[in-house]
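Biologist: Could you walk me through this one in simple steps?

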Amino acid sequence: MSRIGKQPIPVPSGVTVSAEGGVFTAKGPRGELTVPYNPALNITNENGTLLVTRPSDRQEHRALHGLTRSLVANAVKGVSDGFTINLELRGVGYRAKLSGKSLEMTIGYSHPVIIEPPAGVTFAVPEPTKIDVSGIDKQLVGQVAANVRKVRKPDAYHGKGVRFLGEQIALKAGKAGATGGKGKK
């Protein structure tokens, strides 16, 4: 049995869920999400707890069991609490600010970089060197955060760039360093 797939999903108060015809729908205080799933799997709601079950132990059903449970759990958590990914800017003069809803970053290019958020995602800048990407769809929030990081990935030699909060960058050693002479003869 799938260790992830057999775990129950608690449904918080204020969240309504329905699963029919291969589409799972979750409505909560932050919005509404729909997740398509294989209709061969069953999603049942028992006393405020969701269970995902599979009809057989065939390879395709085993493969979809844990995946479906994770997608359903992320939808339930998203409409109740939401998801946030924190980014930080490292580098002299690197900073970010909000221009309306869009994010404007000064990160070492000759021009500021402006990123427009897609529907369902919001940016917040609590400090000039910190960026918060928030939304209800975990996949979309992660993709937008990855796109922001991709604008200026952390440098392998100095560590300058946009990184996830707490991300460790393995820095490379610089040049071996000249000893002041013109080399050995």
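Modeller: Sure, a definition to start with: two strands pair if DSSP finds at least two bridges between them. Strands are DSSP runs of E with at least two residues, helices are runs of H or I with at least four, and both are numbered from the N terminus. Keep in mind that this is a predicted model, where local features need pLDDT of at least 70, side-chain atom pairs count only at pLDDT 80 or more, and totals for chains, interfaces and linings use all residues. Residues are numbered from 1 along each chain as its sequence is written, and side-chain values use heavy atoms, leaving out hydrogens and water.

Biologist: Okay! In strand 13, which residue is the bridge partner of R90?

Modeller: Strand 7 (residues 83-90) runs antiparallel to strand 13 (residues 161-164), with 4 bridges joining them. In strand 13, R90 has as its bridge partner G161.

Biologist: And which residue in strand 12 does N86 stand opposite?

Modeller: Strand 7 also runs antiparallel to strand 12 (residues 130-135), this time with 6 bridges. Over in strand 12, the residue opposite N86 is D132.

Biologist: There's an open sheet of 3 strands too; which are its edge strands?

Modeller: The order in that sheet is 1-6-5, with antiparallel pairing. Strand 5 and strand 6 (residues 49-53) share 5 bridges, and N45 stands opposite L50 in strand 6. Pairing on one side only marks the edges, here strand 1 (9-10) and strand 5 (42-46).

Biologist: How far apart are the centres of the two domains, domain 1 and domain 2?

Modeller: The domain bounds, from an automatic or database assignment, are 4-81 for domain 1 and 83-164 for domain 2. Taken over C-alpha atoms, their centres are separated by 31 Å.

Biologist: Which three residues supply 63% of the area that domain 1 buries against domain 2?

Modeller: Buried area is the accessible area (1.4 Å probe) that two parts lose on being put together, summed over both. Between these domains it is about 490 Å², and carbon and sulfur atoms give 68% of that. On the domain 1 side, the three that supply more than any other three are L33, N74 and G78.

Biologist: How many salt bridges does the rule find across that interface?

Modeller: The rule wants a side-chain nitrogen of Lys or Arg within 4 Å of a carboxyl oxygen of Asp or Glu. Across the interface of domain 1 and domain 2, the number of salt bridges is 0.

Biologist: Last one: which elements give two or more residues to the side of domain 1 that touches domain 2?

Modeller: One is a strand and the other a helix. They are strand 4 (31-36) and helix 1 (59-80).
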